[in-house]
Amino acid sequence: LENNEAMEQVEVQLITRLTEVGTLDIQCQALNSDQRWKVEFELRKQLQQQHTHTTQALPKHFEQAIQALEDVYGSSDKKADPKAVKQLRQTLEKLLGPRDQWDTPLARALFDALWERRKRRRRSQAHERVWFNLAGDCLRPGFGFPADDWRVENAWSLYPQGLQFDKENQLWAEWWTFWRRAAGGLNETAQKKIYKDIAKFINPAALRNLKLKTEVKNKSYEDMVRLAGSLESLPKATKIELGGWLCKRLEKSSETQTSWWALGRVGSRELFHGGAQNVLDAADVQPWIKVIAKQDWKKNPNAAFAAVMIGRVTNDRSRDLTETDRSAICDQLTQSKSPELWKKLVMEYIELDDKESKRVFGEALPAGLTLLEK
């Protein structure tokens, strides 16, 4: 260790202590004196260096885009144009190109800029709605780029705060969509917390509860279902519960078609961000396959695609359905004149194209980020 005053070397030993909040306190104790130095890691500087490095590849109008964010979410709103927030997304696309073409470095740089201005997201309903829409879009899928774990950890601090303007359905839609887009970076504890909060609305018992029925109309039920289907790190028992609830709700024609997609995601053989240990056993999804098979897949392609997700081949016998089950799915796909790719996914191991990846995972990956098959 170098003593900053005398620039001499001092021999030390490391002393560590687990603090009350679960962090690790590290100090250096000089061997020949009572002097101690606290060891700190300057992560913000490292992140700043990473950000500086990536700015080399950012579009030439990037600084103008940051100014557009500042005009809406800056420290002073006295001179702000009230129309600026509603036009912010269009303004950014004019400067940076269509959002579906923003590459990962650009998306993360924009998220970092939005994060710096997060405290001003509550100026109005429009401010809060647009902030979560843009921030979620720029953070998806919550992993795959340097410092994403740091970003998602910080983003999670917003969850207990909830929404400021919680009476608007569209704001709830953006709220749930934000967490669905970031779900890949959330740990099991966070995902279990989200599930606990939305489970009461998905539970079929909610259909008999007038208070919950009224509340769910305001909280964008369909987006809650999409989020639930994306929580891949939930315990298997919880996933089995969720799948059972979705099957029960899908008995009614009034249930959103999104529930078929969510059922397929929960029972999928190939996960997006979860590991093989998070995949349900083939026996666990057998009852769901029977429910799906009762549908007319020609009239209900969403049910057919749910079967494809559950029956997709992974070349891992511990995850794959039996050949008999997969053949039955394939036969029904043939009878319903479903796309050839769907049948191939059930009978042989192939990678998804961009179109089908978007359909499976509910969102296109940002340009430059590739999903690697496990």
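**An aromatic cluster and its surroundings in a predicted model**

W131, F132, W156, Y159, W175, F178 and W179 come together in one aromatic cluster. The model in which this cluster appears is predicted, and its aromatic pairs number 15 in total. One of these pairs is formed by Y159 and W179, whose rings are arranged edge-to-face, with 5.4 Å from centre to centre and 75° between the planes. Distant parts of the chain are linked by this pair, since Y159 belongs to the loop between helix 6 (148-156) and helix 7 (169-182), whereas W179 belongs to helix 7, 20 residues apart from Y159. Both partners are withdrawn from the surface: Y159 counts as buried because its relative accessibility is 8%, below the 20% limit, and W179 is likewise buried, with a relative accessible area of 0%. W179 also pairs with F178; the centres of these two rings are 4.8 Å apart and their planes meet at 90°, an angle over 60 degrees, so the pair is classed as edge-to-face. F178 is itself buried, at a relative accessible area of 1%.

W131, a further member of the cluster, has a set of contacts that includes residues outside the cluster. When residues up to four places away in sequence are not counted, W131 touches Y73, L114, W115, R117, R118, R121, L158 and F178. Among these partners, R121 places its charged end over the ring of W131, at 5.9 Å from the ring centre. An arrangement of this kind is also found at R226, which lies over the face of W261, 5.4 Å from the centre of the ring. The largest nonpolar core comprises 96 residues, and the members that touch the most other members are L88, L110, W131, W179 and I292. Two residues of the aromatic cluster, W131 and W179, are thus named in both descriptions.

At the level of the whole protein, the model contains 17 helices and three strands. Of its 374 residues, 49% count as buried, and the exposed area amounts to about 20,200 Å², of which carbon and sulfur atoms supply 48%. Among contacts between residues at least 6 apart in sequence, 66% join residues that are at least 24 apart.

The backbone shows several local features in the loops between helices. R140 and P141 are joined by a cis peptide bond, with omega at about -5°, and P141 is placed in the loop between helix 5 (125-139) and helix 6. The loop between helix 5 and helix 6 also holds A147, a residue other than glycine for which phi takes a positive value near 75°. A147 is buried, with a relative accessible area of 13%. A positive phi, of about 70°, is found as well at N315, which is not a glycine and which lies in the loop between helix 14 (301-311) and helix 15 (323-335). In contrast to the buried A147, N315 counts as exposed, because its relative accessibility of 62% is over the 50% limit.

E188 offers a further instance of residues brought together from separate positions along the chain. This residue is located in helix 8 (residues 188-202) and counts as partly exposed, at 40% relative accessibility. The C-alpha atoms of E188 and E232 are separated by 8.6 Å, although the two residues are 44 apart along the chain. With neighbours within four places in sequence left aside, E188 is in contact with S233 and P235.

Confidence in the model varies along the chain. The average pLDDT of the protein is 87, and 86% of the residues score at least 70. The highest mean, 98, belongs to helix 11 (residues 236-249), whereas the lowest, 44, belongs to helix 1 (residues 43-54). The pLDDT falls below 50 over residues 1-6, a stretch that has twelve contacts in the model beyond near neighbours in sequence. Over residues 42-55 the pLDDT is again below 50, and this stretch has eight contacts in the model beyond near neighbours in sequence.

Note on methods. Residues are numbered from 1 along each chain as its sequence is written. This is a predicted model: local features need pLDDT of at least 70, side-chain atom pairs count only at pLDDT 80 or more; totals for chains, interfaces and linings use all residues. Side-chain values use heavy atoms; hydrogens and water are left out. Rings of Phe, Tyr and Trp (its six-membered ring) pair if their centres lie within 6.5 Å; planes under 30 degrees apart count as stacked, over 60 as edge-to-face and the rest as tilted. Helices (H or I, at least four residues) and strands (E, at least two) are DSSP runs, numbered from the N terminus. Buried means under 20% relative accessible area, exposed over 50%, partly exposed in between (1.4 Å probe, protein chains only). A charge sits over a ring if NZ of Lys or CZ of Arg is within 6 Å of the ring centre and within 35 degrees of the ring normal. A nonpolar core is a set of buried Ala, Val, Leu, Ile, Met, Phe, Trp, Tyr and Cys residues joined through side-chain atoms within 4.5 Å. Contact means heavy atoms within 4.5 Å. pLDDT is the predictor's confidence in each residue, from 0 to 100. Accessible areas come from the Shrake-Rupley method with a 1.4 Å probe; for residues, only the protein chains shown count as cover.
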